[in-house]
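Subject: Structure handover

Hi,

Here is the structure we talked about. Please open it next to this email and follow along.

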Amino acid sequence: MATVLIPLAEGCEELEAVTLIDLLRRAEINVITASLTEHQQITASRGVRLVADTTLEQVMDDEFDMLVLPGGQPGTNNLDADPRIHGLIKRLHNGNKWIGAICAAPMVLAHAGLLNGRKVSCYPGVLEPAEWPAVQFSNDAVVCDKKVITSRGPGTAMAFALMIIEKLIDEATRNQVEAGLVIR
């Protein structure tokens, strides 16, 4: 069974976080949510309170198949300011694991040096193309380039989660989860 770490920072985008957690668990992926602080409860960007499974400190040395960063503000800035997140990104990337980021969170990947030479999607205006000439920007809802999956924002959270399921497990599982959602 694949294991995915989703860090929950104060001010994260709750629609993205909850959609990711829900859909990945529907696919029977082991999802571990971890707060950045010693408190497991965080307040998301719209005031929704979320309770993480654990704290980041408790799982820092655990093995994961993927790290997925929800966006939102100030959640993305909180992720970006945490050196442990940058360390996890580099460790998983160097271990040939999957990395995902949605909305504003691709900014964290850019600052970690992961996006150079890649095609990415992110929330409009988060990363200015003139400041990141080595990054190929896309307006696609979801972009998968090698083992990095990025997405545009809250409205693309389902498509993002479904792509993660397809890449971590297989297309049949993605289709099964998607059918249960009655998207079409």
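At what angle do helix α1 and helix α6 pack, and how far apart are their axes? This is a predicted model, so please read everything below as computed from it. The angle is about 35°, and the axes are 9 Å apart. Helix α1 covers residues 14–26, and helix α6 covers residues 157–168. Their crossing is right-handed.

On the α1 side, the contact is made by Leu 15, Glu 16, Thr 19, Leu 20, Leu 23 and Leu 24. On the α6 side, Ala 157, Met 158, Phe 160, Ala 161, Leu 162, Ile 164 and Ile 165 take part. By class, that gives 11 nonpolar, 1 polar and 1 charged residues.

**The cores**

The largest nonpolar core has 34 residues. Which of them touch the most other members? They are Ile 6, Ile 29 and Ile 164. At least two residues each come from β1 (3–8), α1, β6 (66–69), β7 (98–102), α6 and α7 (171–181). Helix α6 gives the largest share, 8 residues.

Take Ile 164 as a way in. Beyond four places in sequence, Ile 164 touches Leu 20, Leu 24, Met 66, Val 68 and Ile 149. Leu 20 and Leu 24 also appear in the α1 contact with α6.

There is a second, separate core of 32 residues. Its members include Ile 99, Val 108, Leu 109 and Ala 110.

**Two threonines**

Thr 54 sits in strand β5 (residues 54–55). Is Thr 54 buried or exposed? Its relative accessible area is 11%, under the 20% cut-off, so Thr 54 is buried. Its side chain makes a polar contact of 2.4 Å with the side chain of Gln 58. Further along the sequence, past four places, Thr 54 touches Ile 32, Thr 33, Ala 34, Ser 35, Gln 40 and Val 59.

Thr 150 is in strand β11 (residues 148–151). Its relative accessibility is 1%, so Thr 150 counts as buried too. What does the side chain of Thr 150 reach? It reaches the backbone nitrogen of Ser 121, at 2.9 Å. Ser 121 is also among the residues in contact with Thr 150 when neighbours within four places are left aside. Others on that list include Ala 101, Pro 106, Leu 109, Val 120 and Phe 160.

**Ile 102 and Gly 71**

Ile 102 lies in strand β7. It has a relative accessible area of 0% and is buried. How far apart are Ile 102 and Glu 13 in sequence and in space? They are 89 residues apart in sequence and 9.6 Å apart in space, C-alpha to C-alpha. Leaving out residues up to four places away, Ile 102 touches Glu 16, Leu 69, Pro 70, Gly 71, Ser 151, Gly 153, Thr 156, Ala 157 and Phe 160. Glu 16, Ala 157 and Phe 160 also belong to the contact between α1 and α6.

Gly 71 is in the loop between β6 and α3. At 0% relative accessibility, Gly 71 counts as buried. Its contacts beyond four places in sequence are Cys 12, Glu 13, Glu 16, Thr 76, Ile 102, Cys 103, Ala 104 and Ala 105. The C-alpha atoms of Gly 71 and Asn 116 are separated by 20 Å, with the two positions 45 residues apart along the chain counted as their distance apart.

**Backbone points to check**

Most residues other than glycine have a negative phi, and most peptide bonds are trans. Three places here deserve a look.

- The peptide bond joining Gln 73 and Pro 74 is cis, with omega about 10°. Pro 74 lies in the loop between β6 and α3 (75–80).
- Glu 28 has a positive phi, near 65°. It is in the loop between α1 and β2 (30–35). With 62% relative accessibility, Glu 28 counts as exposed.
- Lys 146 has a positive phi as well, near 55°. It is found in the loop between β10 (142–145) and β11. With 57% relative accessibility, Lys 146 counts as exposed.

Best wishes

Conventions:
Residues are numbered from 1 along each chain as its sequence is written. This is a predicted model: local features need pLDDT of at least 70, side-chain atom pairs count only at pLDDT 80 or more; totals for chains, interfaces and linings use all residues. Side-chain values use heavy atoms; hydrogens and water are left out. Axes are lines fitted to C-alpha atoms, for helices over the stretch in contact, and angles run from 0 to 180 degrees between N-to-C directions. Helices (H or I, at least four residues) and strands (E, at least two) are DSSP runs, numbered from the N terminus. A crossing is left-handed if the near helix is turned anticlockwise from the far one by less than a right angle, and right-handed if clockwise. Contact means heavy atoms within 4.5 Å. Ala, Val, Leu, Ile, Met, Phe, Trp, Tyr, Cys and Pro count as nonpolar, Asp, Glu, Lys and Arg as charged, and the others, Gly among them, as polar. A nonpolar core is a set of buried Ala, Val, Leu, Ile, Met, Phe, Trp, Tyr and Cys residues joined through side-chain atoms within 4.5 Å. Buried means under 20% relative accessible area, exposed over 50%, partly exposed in between (1.4 Å probe, protein chains only). A polar contact is a pair of N or O atoms within 3.5 Å; within protein, one must be able to donate a hydrogen and the other to accept it, and residues adjacent in sequence count only if both atoms are side-chain atoms.
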